[in-house]
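Here's a quick briefing to read alongside the sequence and the 3D view. Take a look at both, then work through the points below.

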Amino acid sequence: MLKITSIPAFENNYFWIIQPDPAQDTVFVVDPGAAQPVLDYLCTHQLKLGAILITHRHNDHIGGVNDLLTHYPVSVYGPRSDAIPQVTVYLGDNDHFELGELNFHVIAVPGHTWEHIAFYLPQQKTLFCGDALFAGGCGRRFDGTAEIMWDSLQKLAALPDDTRIYCAHEYTLSNLRFALAVEPDNADLQERLHHVEQLRANHQITLPSIILLEKRTNPFLRCQENGAKIFIKSQLGETPATAAEAFGALRAIKDTWPAR
Ligand code: ZN
Ligand code: FE
């Protein structure tokens with residue numbers, strides 16, 4: 001039985017520990033931005049590291065890799081990028097690999113960065129998506145066009161409704177506050193925001209999310225809905241012609257929210 005644990009780090013990052021079988025002591029880590037919290041976790045729970053998985057090149061996702069490798073010379077699964085020379089197994093869209101009897105399926109999700117990938121476990125309907133999709137939001141668009149990133153998010157939205165989403169940051173509360181500005185009348189969103197406010201008031205994690213909930217409440221997956229179009233018109237004075245255009249506009253608006 002698969003066990004997934006969060007290691008909180010920095011201001012709002014989560015490094016994910018994947019333990020395929022709690023009866024065995026080998027685990028994998030996704031996006032270790034620092035080594036010490038991971039080493040501490042392994043020591044406390046008497047576990048050993050079996051592999052490192054990387055979604056994209058940003059330092060808060062790879063900063064711990066070198067140190068971890070000096071303790072555990074394991075394989076590093078990730079995308080091809082000059083900024084991640086530690087990767088030993090290069091992965092791209094539709095690649096598959098097996099680790100501890102888990103069958104990982106790779107989904108390319110360019111947009112936040114061009115090389116960004118997500119790791120999907122079809123049997124467990126579990127997704128590790130780094131900074132591509134967040135609970136109630138998505139990563140900033142640093143690389144490529146709005147259309148490319150919109151297509152990436154559509155691939156994730158097409159996963160089964162009950163897929164669990166393990167993203168890399170605790171941004172849910174601020175994401176949902178923006179979402180409510182976009183869709184003030186969305187009842188699912190109001191209910192979710194209320195729930196997340198309670199969780200955060202108690203310093204609890206808001207993850208994993210699930211795909212169905214994101215489709216109902218995440219404005220970046222709801223660019224075809226009227227609410228998003230009306231909101232964009234109110235902000236920019238123009239109605240986007242396509243969903244991808246609406247996505248690009250919404251992402252740009254949020255980049256400076258609530259300053260504008
Ligand atoms: Zn990032
Ligand atoms: Fe990040």
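**A metal pair and what surrounds it**

H61 counts as buried because its relative accessibility is 0% (buried means under 20% relative accessible area, exposed over 50% and partly exposed in between, using a 1.4 Å probe and protein chains only). Keep in mind that this is a predicted model, where local features need pLDDT of at least 70, side-chain atom pairs count only at pLDDT 80 or more, and totals for chains, interfaces and linings use all residues. Residues are numbered from 1 along each chain as its sequence is written, chains are lettered from A and ligands numbered from 1 in the order in which they are written, and side-chain values use heavy atoms, leaving out hydrogens and water.

**The iron ion**

- H61 (NE2) is one of the protein donors of the iron ion (ligand 2), along with D60 (OD), D131 (OD) and H169 (NE2), and they lie 2.1 to 2.4 Å from the ion.
- Donors here are N, O and S atoms within 2.8 Å of the metal (3.2 Å for Na, K and Ca), and sites may look incomplete because water is not among the atoms.
- Along the sequence, the iron donors follow the spacing D-H-x69-D-x37-H.

**The zinc ion**

- For the zinc ion (ligand 1), the protein donors are H56 (NE2), H58 (ND1), H112 (NE2) and D131 (OD), at 2.2 to 2.3 Å.
- Their sequence spacing reads H-x1-H-x53-H-x18-D.
- So who's shared? D131 coordinates both the zinc ion (ligand 1) and the iron ion (ligand 2), which sit 3.3 Å apart.
- H58 and H112 are both buried.

**The nonpolar cores**

- The largest nonpolar core has 57 residues, and those with the most contacts inside it are L53, F97, F104, L127, L156 and F247.
- Helix α9 (residues 243–255) gives the most to this core, with seven residues (helices are DSSP runs of H or I with at least four residues, strands runs of E with at least two, numbered from the N terminus).
- Apart from that core lies another one, of 23 residues, including V27 and L68.
- A nonpolar core is a set of buried Ala, Val, Leu, Ile, Met, Phe, Trp, Tyr and Cys residues joined through side-chain atoms within 4.5 Å.

**The cysteines**

- The disulfide count is zero (a disulfide is a pair of cysteine sulfur atoms within 2.5 Å).
- C129 has its closest cysteine sulfur in C167, but at 5.4 Å that's too far for a bond.
- C138 is in no disulfide either, since the nearest cysteine sulfur, in C223, is 8.3 Å away.
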